[in-house]
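Here is a set of short questions about how terms are applied to a structure. Each answer sets a value against a cut-off.

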Amino acid sequence: MDEIKEMLRATNLKATPQRLAILEEIKKAGHIDLETIYKNISEHFPSMSLATVYKNIHTLKRYGLIKELAISGAKSKYEIAFQKPHHHLICKVCGDVIDIELDTSFLEKQLKEIRDFEISSCDIYCYGICSKCKNKSQG
Ligand SMILES: [Zn+2]
Ligand SMILES: [Zn+2]
């Protein structure tokens, strides 16, 4: 909780109970979509609407506290922005999103050589089947 308060303070955003709860949910889940955040926190904030959650998420994103993962064929998920740089593996069977640290220096090198392109940021999404689902189907 303190870490999240620190994050909010650094942006000068007001640490409203709703924002704290949303950030707490995202941190706890790792990757989570809007509807699930809403479902999980509406217990504590019964009068809060989905639109309010959406507005808060939009603000948190704008201030760089959270990152939106645009996952093709599924709802966007959100994660805490202040993490070690990482990429994502997405299981097409169970929908799990798995963090993976990859060394992308080969990409930077190749793109520089082939296109004289300077990468400033790079997000890799790999789609496939996670080991849990693979083992189940081989059961
Ligand atoms: Zn899976
Ligand atoms: Zn992640």
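The questions below cover metal sites, strands, burial and salt bridges.

Q: How should the numbers and names be read?
A: This is a predicted model, in which local features need pLDDT of at least 70, side-chain atom pairs count only at pLDDT 80 or more, and totals for chains, interfaces and linings use all residues. Residues are numbered from 1 along each chain as its sequence is written, chains are lettered from A and ligands numbered from 1 in the order in which they are written, and side-chain values use heavy atoms, with hydrogens and water left out.

Q: What makes Cys91, Cys94, Cys130 and Cys133 donors of the zinc ion (ligand 1)?
A: Donors are N, O and S atoms within 2.8 Å of the metal (3.2 Å for Na, K and Ca); water is not among the atoms, so sites may look incomplete. The SG atoms of Cys91, Cys94, Cys130 and Cys133 lie 2.3 Å from the zinc ion (ligand 1). They therefore count as donors. Along the sequence their spacing is C-x2-C-x35-C-x2-C.

Q: Why is the site of the zinc ion (ligand 1) called tetrahedral?
A: Four donors count as tetrahedral if all angles lie between 85 and 135 degrees. Here the angles among the 4 donor atoms are 105 to 116°. So the site is tetrahedral.

Q: Why are cysteine 130 and cysteine 133 called buried?
A: Buried means under 20% relative accessible area, exposed over 50%, and partly exposed in between (1.4 Å probe, protein chains only). Cysteine 130 has 9%, and cysteine 133 has 10%. So cysteine 130 is buried, and so is cysteine 133.

Q: Which residues are the donors of the zinc ion (ligand 2)?
A: They are His31 (NE2), Glu79 (OE), His86 (NE2), His88 (NE2) and Asp99 (OD), at 2.0 to 2.2 Å. Their spacing along the chain is H-x47-E-x6-H-x1-H-x10-D. Glutamate 79 has a relative accessible area of 2%, so it is buried. Histidine 88 has 4%, so it is buried too.

Q: What makes strand 1 and strand 3 a pair?
A: Strands (E, at least two residues) are DSSP runs, numbered from the N terminus, as are helices (H or I, at least four). Two strands pair if DSSP finds at least two bridges between them. Strand 1 (residues 32-33) and strand 3 have 2 bridges, in the antiparallel sense. So they count as a pair. Isoleucine 32 stands opposite tyrosine 78 in strand 3.

Q: How do you know that strand 2 and strand 3 pair?
A: Strand 2 (residues 66-69) and strand 3 share 4 antiparallel bridges. In strand 3, isoleucine 80 is the bridge partner of isoleucine 66, and glutamate 79 is that of lysine 67. The open sheet of 3 strands has the order 1-3-2. Its edge strands are strand 1 and strand 2, each pairing on one side only.

Q: How do you know that both faces of strand 3 are covered?
A: In strand 3 (residues 77-80), Lys77 and Glu79 on one side and Tyr78 and Ile80 on the other are all buried.

Q: What makes lysine 27 and glutamate 3 a salt bridge?
A: A salt bridge is a side-chain nitrogen of Lys or Arg within 4 Å of a carboxyl oxygen of Asp or Glu. In lysine 27 and glutamate 3, the closest N and O atoms are 3.1 Å apart. So the pair is a salt bridge. It links distant parts of the chain: lysine 27 is in helix 2 (residues 17-29), and glutamate 3 is in helix 1 (residues 2-11), 24 residues apart. The structure holds 10 salt bridges.

Q: Why is glutamate 118 called exposed?
A: Its relative accessibility is 59%, so it counts as exposed. Its salt-bridge partner lysine 112, with N to O at 3.7 Å, has 36% and is partly exposed. Salt bridges that share partners join Lys112, Asp116 and Glu118 into one network.

Q: How do you know that lysine 77 has no salt bridge?
A: Lys and Arg count as positive and Asp and Glu as negative; His and the chain ends are not counted. The nearest side chain of opposite charge, aspartate 33, is 5.1 Å away from lysine 77. So there is no salt bridge, although lysine 77 is buried.

Terms used
Four donors count as tetrahedral if all angles lie between 85 and 135 degrees; four count as square planar and six as octahedral if opposite donors are over 155 degrees apart and all others between 65 and 115; anything else is irregular.
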